[in-house]
Amino acid sequence: MSKEKEPTYEDLRKKYSDEEIAESFVFRSTMNDAEQAEADEEFRRIRFELLKNMSDEQVLQGELLRTKYLMKDYFNQHLFLEEYSFSNQLRKYISLLKRNMADFASDVGIHKTTLSRILNDREHPNVDLMYRLEQHSGKMIPATYWYKLHSRKLEEEIKRNDEKRTEEYKKVKNELKFKLSA
C-alpha cells in the first residue's frame, strides 16, 4: 500500500491562487526545526501577552468554562473519581472565586455550618443548593452538572456500602422470592 505525498504550499501555488489555497487547504508546515522553535516562541509570547492583559473577570470566566468542560468530560467517563465529588468541585469553585467560606455561604443563602458540613461530606447537598450554584455561576455551570457530581458519588456509596446494605436488608418483611430461570 503506497501513501501519496501530501502537497506542499509550493505545489499548490502552481495550480491555485493564494485566496483559493487559504479557503480550501490545511497543509503541513515546511519550517525547519529552528524556524519552528522561533514560531513556537513567538506564539507563546503573544499568548502570554494576551493573558497578561485579561481582566480578572475574563480570567474567572475562563476558569469557570474550563471547570465546566472538565466536569463534562468526567461525566463521559462513567466512573467515580473522588477529585470530581460534589464537595471537591464546590471547594474548587469557591477557591476560583477567591471568597472565604462565610461570604460564599451568605452568597448562596445557606448557613456557614451547612456549607462546612457539605464540603466535609457530612451532609448531602439538596437540589435547592444546586439551583443556587447555577445562578451564582452566572448559569455557566448548570444545576444538572452539580446534581450529576452528587449522584455519581451517591451511586458509588450505594455500590460499596455492604454494611449498610446488610443492616437495611434485616428491616425488610415479606420479601418477594423468585425462582431463578436458567
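What pattern does the chain follow when read along the sequence?

1. Secondary structure. The pattern is α-α-α-α-α-α-α-α-α-α. In counts, that is 10 helices and 0 strands.

2. Confidence. The structure is a predicted model. Its pLDDT averages 92 over the chain, and 97% of the residues score at least 70. Taken by element, the lowest mean pLDDT, 82, belongs to helix α2 (residues 18-24), while the highest, 98, belongs to helix α8 (residues 127-136). Any reading of helix α2 should be made with that lowest mean in mind.

3. Overall dimensions. The radius of gyration of the chain is 27 Å, whereas a compact globule of 182 residues would be expected near 16 Å. Along the principal axes, the C-alpha atoms occupy a box of roughly 85 × 60 × 30 Å.

4. Burial and surface. Buried residues make up 23% of the 182 in the chain. The exposed area comes to about 14600 Å², of which 51% is supplied by carbon and sulfur atoms.

5. Contact range. Consider the contacts between residues at least 6 apart in sequence. Of these, 55% join residues at least 24 apart.

6. Charges. The chain carries 34 positive and 35 negative charges. The mean position of the positive charges lies 9 Å from the mean position of the negative ones.

7. Thr-67. This residue sits in helix α4, which spans residues 56-77. Is Thr-67 buried or exposed? Its relative accessible area is 3%, and the cut-off for burial is under 20%, so Thr-67 counts as buried. Setting aside residues up to four places away in sequence, Thr-67 touches Gln-89, Lys-92, Leu-96 and Ile-141. Among these partners, Gln-89, Lys-92 and Leu-96 have numbers that fall in the range of helix α5 (residues 86-97).

8. Ser-87. Helix α5 (residues 86-97) also holds Ser-87. With a relative accessible area of 2%, Ser-87 falls under the 20% limit and is therefore buried. Which residues does Ser-87 contact, leaving aside neighbours within four places in sequence? They are Ile-118, Leu-119 and Asp-121.

9. Points to keep together. For the chain as a whole, the radius of gyration of 27 Å can be read alongside the buried share of 23%. At residue level, Thr-67 in helix α4 and Ser-87 in helix α5 serve as two local examples, with relative accessible areas of 3% for Thr-67 and 2% for Ser-87.

Conventions
Residues are numbered from 1 along each chain as its sequence is written. This is a predicted model: local features need pLDDT of at least 70, side-chain atom pairs count only at pLDDT 80 or more; totals for chains, interfaces and linings use all residues. Side-chain values use heavy atoms; hydrogens and water are left out. Helices (H or I, at least four residues) and strands (E, at least two) are DSSP runs, numbered from the N terminus. The radius of gyration is taken over C-alpha atoms; the globule rule is 2.2 Å times the number of residues to the power 0.38. Buried means under 20% relative accessible area, exposed over 50%, partly exposed in between (1.4 Å probe, protein chains only). Contact means heavy atoms within 4.5 Å. Accessible areas come from the Shrake-Rupley method with a 1.4 Å probe; for residues, only the protein chains shown count as cover. Lys and Arg count as positive and Asp and Glu as negative; His and the chain ends are not counted. The place of a charge is taken as NZ of Lys, CZ of Arg, CG of Asp or CD of Glu. pLDDT is the predictor's confidence in each residue, from 0 to 100.
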